[in-house]
Structures are given as C-alpha cells and as structure tokens.
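Visitor: Please take a close look at a single part for me, chain B, and go through it slowly enough that I can follow it on the screen.

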Amino acid sequence: MTNKIRLGTAWLGGCSGCHMSFLDLDERLLELAAAADLVYSPIADLKEFPEGVDVALVEGAVANIDHVELAKKIRERSKIVVSFGDCAVTGNVTILRNRFGVDDLLTMVYREGPGKAPLGHEADGIIPYLLPKVLPLHQVISVDAYVPGCPPSADRIWAAVTALLRGEKVSLEEELITFG
Amino acid sequence: MSVITLTINEQLVSAQSEQTLLEAIREQGVEIPTLCHLEGLSDKGGCRLCMVEAVGTNRLMPACVTKVQEGMNVRTESERLVEYRKMIIELLLSERNHICAVCVMNGHCELQSLAANLGVNHVRYEYVVPDLPMDASHERFVQDQNRCILCVRCVRVCHEVEGAHNWDVMGRGVNSMVIADLYQPWGSSRSCTGCGKCVQVCPTGALSKKGSTVAEMVKHHDFLGWIMNGREKNIWEYR
C-alpha cells in the first residue's frame with residue numbers, strides 16, 4: 001500500500017485545452033508522478049471513474065446527460081473536486097449555446113448540413129442527449145476549489161496541485177484567478 | 001474653500017469641504033474599487049463598488065457621490081463590504097456574456113482584473129446568457145452589447161467632453177441598452193464625430209476598435225486628464 005495521492009482528471013464539455021495545459025507542467029509531471037497515481041484521465045486508458053479518489057480535476061462545463069452522471073460519480077467517489085478551467089468554472093464558450101434552444105441548435109449545426117443529425121434531446125442509446133442549458137460544474141455538484149483560466153496556465157495548475165498534494169486548501173493569488 | 005476633518009479607517013484626516021469621499025479616501029492612499037467612476041467624468045454612483053460604511057448609520061454610502069462632512073467616520077473595508085463588492089462583480093458577470101477567453105479586452109479589462117482583485121474565482125448566480133447583438137456598422141469601431149456593464153462612461157464622455165451626445169440608454173433594468181442616437185446602427189448615427197473617446201474610456205470589451213481580435217484591445221484614458229486640465233486650469237500639457 002503506497003501513500004500516494006489518488007488523482008483523477010475528467011473531461012466534460014470543453015475543448016481539452018485544460019488537459020493540454022496540464023501536460024505543459026513538463027518536468028513537473030515527474031514530480032507529480034512521484035507523489036500521485038493517475039487513476040482516471042482522458043490521457044490514460046481507464047474506462048470507469050474509480051472509488052476512493054483523493055483529488056479530481058474536472059475540465060469542461062456540464063452540457064449533456066453523460067456529463068451529469070460522470071460529475072455525480074466523481075463527487076461521490078472523490079474527497080476533493082476541483083473546477084478545472086473556465087468551462088467548468090463559468091461555462092465559458094460552452095455556455096454560449098444557452099441562448100438557443102436545443103432543437104434550434106441541432107438544426108443550425110447538423111440538420112441544415114450534410115449527413116445524419118443526432119437526436120439530441122432524446123436518448124438514442126449512443127449519443128447522450130443535450131441538457132436544455134449548459135451549466136458550470138458547481139451548479140450541478142458541490143465543488144471544493146476553483147482554478148479559472150482558459151486554459152489555466154501550467155503555473156496556475158501547479159500552484160493548485162501542489163497545495164492539494166500538501167493537503168492544503170487551494171488559495172490562489174490574485175494573478176492566478178483571472179478568468180480568460 | 002474650507003478644510004474639514006473626518007476619520008477614514010480610524011485615521012483622522014483633513015479634506016477640502018467640496019471633495020467627495022472617494023477623493024478624500026484615495027488622497028490618503030487607501031485603495032477602494034470603482035468601475036463607473038473615471039477621473040475627468042461626472043460621477044453617477046452606478047456600480048456601487050465604492051460603497052463605504054459610516055459610523056452612526058447602517059446605510060452604506062457610495063463614496064464617489066457623497067461629499068465629505070465634518071466629523072464623518074467611515075470604514076472602507078469590512079467583511080460586509082467585501083461580500084457586497086464580490087456580489088456586485090458576480091452579478092455583473094452573470095448578467096451578460098462576459099466570456100473573457102474570447103473577448104477583445106482579455107488581459108486588459110477592468111471588470112476582469114477587479115474580479116480577480118476581489119477574489120471572485122467563480123460566480124454563485126445563474127448565468128442569464130441573454131441573446132444580445134453586436135453593432136459593427138461604424139467605420140472604425142464596434143459595439144458589443146454582450147460585454148456592456150452599463151457604467152455609462154461612454155454616455156458621459158460623449159456628452160460632457162466631446163459634446164456630441166451620440167450615446168444614450170434605452171430601456172429599464174436588466175433590459176437597459178446603450179444606444180446610438182435614437183436606436184439606430186452606430187455607423188448611421190449623425191451625432192457621432194468618430195472621435196473614439198467612448199472606446200478609450202470603456203472598461204470592458206463593449207466598445208473596441210474594429211479589427212481587434214482576442215486580447216488585442218488596449219485602452220488609454222490619459223487624454224481625459226489633458227483635456228480637463230486644459231479646459232479647467234488652462235494648463236495644456238501633453239505627456
């Protein structure tokens with residue numbers, strides 16, 4: 001039994017840019033790997049969000065029913081949940097579709113173009129249906145810490161992650177919490 | 001002009017009797033957040049960020065439109081004030097579409113930097129995400145209602161300094177909109193002189209130079225000081 005931190009990262013309605021920025025930790029990733037085990041992440045081939053996670057970084061806004069389910073599972077199975085990046089924190093670009101109804105949105109994006117359109121608001125068993133409104137993560141589950149930024153810079157991420165590894169509260173300086 | 005004495009954050013200070021509380025506070029080097037206030041323009045007490053507490057009343061006072069008074073005893077920082085200031089910023093952020101990541105003013109925006117300064121790292125209110133237009137009909141400038149916080153610096157600078165009064169406010173409450181002339185495309189407004197003062201004083205990305213993309217817009221207010229010094233004191237110094 002190791003006493004390494006069990007770290008999970010998840011990707012909801014976002015562009016994966018926050019995860020790219022996470023990889024920009026560069027050599028600090030080695031330090032992180034020594035202190036934490038990555039137990040769930042889009043950059044690792046793990047299908048199920050496991051039990052007993054210490055810290056979960058969640059990128060992206062909550063845009064469809066799969067996001068809701070995963071968010072709830074993450075909350076149940078993690079000690080600390082972090083809203084990771086502007087989409088999770090504010091809804092950011094993902095929330096811009098809220099000014100349209102789901103049906104109008106699907107018409108504009110798919111039905112008016114070539115190919116078959118997803119059903120969107122009905123469960124077809126393949127593609128998760130879209131929520132009527134995109135929500136920031138903290139409006140779906142309770143969140144313990146916020147790391148804003150689009151994407152949050154590697155330095156920002158490191159400041160938050162190292163605090164969590166030390167078992168401290170995430171309390172970022174003014175210049176590390178600007179949106180955008 | 002008489003001198004009065006008042007107490008700011010438990011410090012006894014003196015001020016000119018015609019000064020505003022905000023001027024007296026800033027003269028002491030005490031920082032206090034503002035958004036609608038801009039040196040050189042009239043004050044309207046709109047954003048409520050400069051609210052202070054005064055001993056003897058439970059009512060908060062907007063420092064920018066409150067004159068100093070003999071014996072006044074004010075506090076510029078308290079838990080209650082910080083909480084209200086954060087609420088104001090969060091309400092502003094939730095009311096329209098301030099998507100910093102894709103805004104021309106990203107990195108230079110007064111709303112964005114004030115939010116960080118006040119420790120706003122998320123918004124507790126529901127985002128309204130209104131469907132608001134942009135007006136790119138002007139030859140050189142763009143108006144984006146999505147970023148507007150209705151501080152009306154543009155309305156004031158156009159009326160008070162340029163003397164053109166192109167801008168006005170239409171509607172009530174959450175539906176208020178800054179409009180050109182009698183609500184027509186900015187480009188067709190005959191009162192606009194195209195001077196660009198409104199663009200320079202706008203604290204957010206609501207007014208910008210045409211052709212600027214994300215984070216490219218930087219604004220300068222220095223011209224206001226030069227113009228006001230010239231007009232009021234006949235000092236024409238351009239630095």
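Guide: Helices and strands here are DSSP runs numbered from the N terminus, a helix being H or I over at least four residues and a strand E over at least two. By that count the secondary structure of chain B comes to six helices and ten strands. The model is a predicted one, in which local features need pLDDT of at least 70 and side-chain atom pairs count only at pLDDT 80 or more, while totals for chains, interfaces and linings use all residues. Residues are numbered from 1 along each chain as its sequence is written, and chains are lettered from A and ligands numbered from 1 in the order in which they are written.

Chain B has a radius of gyration (taken over C-alpha atoms) of 19 Å, close to the 18 Å that the globule rule (2.2 Å times the number of residues to the power 0.38) gives for 239 residues, so chain B is as compact as a globular protein of that length. Along the principal axes, its C-alpha atoms fill a box of roughly 55 × 50 × 30 Å. Of the 239 residues, 40% are buried, meaning that 20 or more other C-beta atoms, placed from the backbone, lie within 10 Å of the residue's own. Among contacts (C-beta atoms within 7 Å) between residues at least 6 apart in sequence, 61% join residues at least 24 apart.

Within this chain, helix H4 of chain B spans residues 153-162, and its buried residues are B:Arg153, B:Cys154, B:Val155, B:Arg156, B:Val157 and B:Cys158. These buried residues pack against S8, S9, helix H5 (197-201) and strand S10 (207-209) of chain B. Just after H4(B) comes B:Gly163, with a positive phi of about 80°.

Two of those packing partners are themselves paired: strand S8 (residues 167-170) and strand S9 (residues 177-180) of chain B run antiparallel and are joined by four bridges, where pairing requires at least two DSSP bridges. B:Met170 stands opposite B:Met177 in S9(B). S8(B) and S9(B) form a hairpin with six residues between them, and B:Gly171, in the turn, has a positive phi of about 85°.

Turning finally to the neighbouring chain, the contact takes 18 residues from chain B and 20 residues from chain A. On the side of chain B that touches chain A, the residues divide into ten nonpolar (Ala, Val, Leu, Ile, Met, Phe, Trp, Tyr, Cys and Pro), one charged (Asp, Glu, Lys and Arg) and seven polar (the others, Gly among them).

Conventions: Two residues are in contact if their C-beta atoms, placed from the backbone, lie within 7 Å. A residue is buried if 20 or more other C-beta atoms lie within 10 Å of its own, exposed if 12 or fewer, and partly exposed in between; C-beta atoms are placed from the backbone.
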